Amino acid sequence: RHHTLKQHKNKNTKETKPMGPLHGIKVIEFAALGPCPMAAMILADLGAEVVRIERKPAPGAKPASDLFDPKIDILNRSRRVVTLDLKKPEGLAAAKQLVAGADILVEGYRPGVMERIGLGPDTCLEANPRLVYGRMTGWGQSGPLAHAAGHDINYLSLSGALHAIGEPGGKPVVPLNLVADCGGGAMLLVVGVLAALTEARSSGQGQVVDAAMTDGSALLMTMMYTLKAMGQWTQQRGSNLLDGGAHFYDTYRCADGKYISIGPIEPQFYALFLQKTGLADPDFSQQWDRARWPELKTRLAAHLQGRTRDEWCALLEGTDACVAPVLDMDEAPEHPHNRARGTFIEVGGVTQPAPAPRFSRSMPAQPRPPVVGATGEDVLADWGFTPAEIDGLRAAGAI
C-alpha cells in the first residue's frame, strides 16, 4: 500500500494544511501502559491515523489505560478509540478487520498474550501480508526472563545503565523512567516500525519488530561502553566525565537553593566559564587532572553559592560557557527559549510537550485531547464497516 505524502492547500486561504510526514499511514494500537502508548502518541503526533483498541473490561474492572485519568493522559492524545469485547467472536473479527486495513500494529503485552487472544503475528500477517507488527516488551520475545513481570527500573538494571548513575559511594539513582520506558522502549519501537514500514514498501512484505526495553537501554549505553573499552570509564559511580565526577560537568546549588547545570567540556568553553565566573585560581587550569576533580568540585560549589541561580544565568546563560538553569516542571514551559520555540503547548487545558522533531514542510497538526468513553462506531464506519456490520456488533454486545 503506497501512500503519497503531499501537502494540501486550503482553497479559501491558500495556506498549507498541517499534516505530518506520516499522513496517510494507518496504525492500530492495542491499549497498554507506558512505552506502547508513548510510541503510538509519537506516530500520531507525526501525522499517522492511530486507532486505539480498548479491550472491554470485565464488570467492575477498569481498562489498563484508566489507571491514569483518561481525560488528561497526555500519552493518549490524538487517537481515536474503539472499544471491543475481544472474547466475543464478533469483537475479535472486528479487530482482525481493522488490522487488515492498517499499515502498522503496536502492542505491549507479555509474549504470547496476543496469540492467546487470536491476534498473533501469524494470524494478522495472513490477513495483511504487508503489516508491520510492533511488539513492545521489557525483556523481549525470547530469553529466560521473557515471561516475567517487570518495570523500567528492572529492565534498566540489566543494561549496566542503572549501576552507573549515582553519587560516589551512594546507591544507584533512578533516572525517572526516561531510559527504558521512553528512550529504549517507545523511541526504539517507533524507529523499528518505521524502518520495517520502509522495507515493506520495497519488498511488499511485513514483519515482526521485537522491541525490548533491555535491548534499547543497552543500546543507549553505547557511548559509555565505548569509553570503558578505551579505559576512560570506571565502575565507580560519580567518578567519570559524564556522571558528575568531573567538576565541570555537574549541577550546583546556588545562593537561593536553586540549581544550575554546567558542562563546559571543551577547553575554550571551560576557559570562558572560568573567566565569566571570576575563577582566576590557577588550580582550576588543571581541567583534566582527574585526581583533583573532587577538590575542585568542592571549591567550585562554594564559589557558585555566592549568587542566586538567576544571577548566574543572567551572566552565563546563552554564552559558550555551557550553563543552564535547572528548571522544575512549572518553570520549564515559561522559559523564554521554550516559549519562543513552542516547546510546550496547551491541549484541552493541559500543558504538555509539543510534538517533536520539527519538519520544514510536513508540519504536524496540533495534538487533540484524549478521547474518553468512545465506542468507536464512527471509526468503524470510516474504516469500511457497513451499517449492518456495526449493527451486528452492537447487537452482539461486542462494542
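This report walks through a few helices, one buried arginine, some backbone details and a pocket in the structure above.

The model is a predicted one: local features need pLDDT of at least 70, side-chain atom pairs count only at pLDDT 80 or more, and totals for chains, interfaces and linings use all residues. Residues are numbered from 1 along each chain as its sequence is written, and side-chain values use heavy atoms, with hydrogens and water left out.

## Helix 1

Let's start with helix 1, which spans residues 35-45. Helices and strands here are DSSP runs numbered from the N terminus (H or I and at least four residues for a helix, E and at least two for a strand). Eleven of the eleven residues of helix 1 are buried, so this helix is largely enclosed by the rest of the structure. Buried means under 20% relative accessible area, exposed means over 50%, and partly exposed is in between (1.4 Å probe, protein chains only). The buried residues of helix 1 include Met38, Met41 and Asp45. They pack against strand 1 (26-30), strand 2, strand 4 (104-107), strand 5 (132-137), helix 7 and helix 8; contact means heavy atoms within 4.5 Å. After helix 1 comes glycine 47, with a positive phi near 110°.

## A buried arginine

Where does arginine 77 lie? You will find arginine 77 in the loop between strand 2 (49-55) and strand 3 (80-84). With 2% relative accessibility, arginine 77 counts as buried. Its side chain reaches the backbone oxygen of proline 353 at 2.7 Å. For such polar contacts, the pair must be N or O atoms within 3.5 Å; within protein, one must be able to donate a hydrogen and the other to accept it, and residues adjacent in sequence count only if both atoms are side-chain atoms. Leaving aside residues up to four places away in sequence, arginine 77 touches several residues, among them Met41, Ala44, Asp45, Pro353, Arg368 and Pro370. Met41, Ala44 and Asp45 are also buried residues of helix 1.

## Helices 10 and 12

Helix 10 (residues 267-277) has Tyr270, Phe273, Leu274 and Thr277 buried. Down the axis of helix 10, these buried residues fall within an arc of 95°, so they line one face of the helix. The arc is taken from the directions from the helix axis to the C-beta atoms. Gln268 and Gln275, on the other side of helix 10, are exposed. The cover over the buried residues of helix 10 includes strand 8 (259-262), helix 11 (293-304), helix 12 (309-316) and strand 9 (323-325).

Phenylalanine 273 sits in helix 10 and, at 1% relative accessibility, counts as buried. Beyond residues up to four places away in sequence, phenylalanine 273 touches Ile262, Pro264, Leu279, Leu300, Leu316, Ala321 and Val323. The C-alpha atoms of phenylalanine 273 and aspartate 320 are separated by 7.9 Å, although the two residues are 47 residues apart along the chain.

In helix 12, the buried residues are Arg309, Trp312, Cys313 and Leu316. Seen down the axis of helix 12, they fall within an arc of 100°, so they line one face of the helix. Strand 8, helix 10, helix 11 and strand 9 are what the buried residues of helix 12 pack against.

## Backbone details

Several residues with positive phi are gathered here.

| Residue | Place | Phi |
|---|---|---|
| Glycine 278 | follows helix 10 | near 75° |
| Glycine 318 | just after helix 12 | about 90° |
| Glycine 47 | follows helix 1 | near 110° |

Leucine 176 has a phi near 50°, a positive value in a residue other than glycine. Leucine 176 lies in the loop between helix 6 and helix 7 (178-203) and is exposed, with a relative accessible area of 61%. Cysteine 322 is another residue other than glycine with a positive phi, near 60°. Cysteine 322 is placed in the loop between helix 12 and strand 9 and is partly exposed, at 28% relative accessible area.

A cis peptide bond, with omega about 0°, joins alanine 356 and proline 357. Proline 357 lies in the loop between strand 11 (350-353) and helix 14 (377-382).

## The second largest pocket

How many residues line the second largest pocket? There are 28, of which Gly166, Leu242, Asp243, Gly244 and Gly245 lie nearest its centre. Helix 11 gives the most to this lining, with three residues.

Methods. 1 Å grid on protein atoms, 1.4 Å probe; cavity = no way out; pocket = protein on both sides within 12 Å on 5 of 7 lines; lining within 4 Å.
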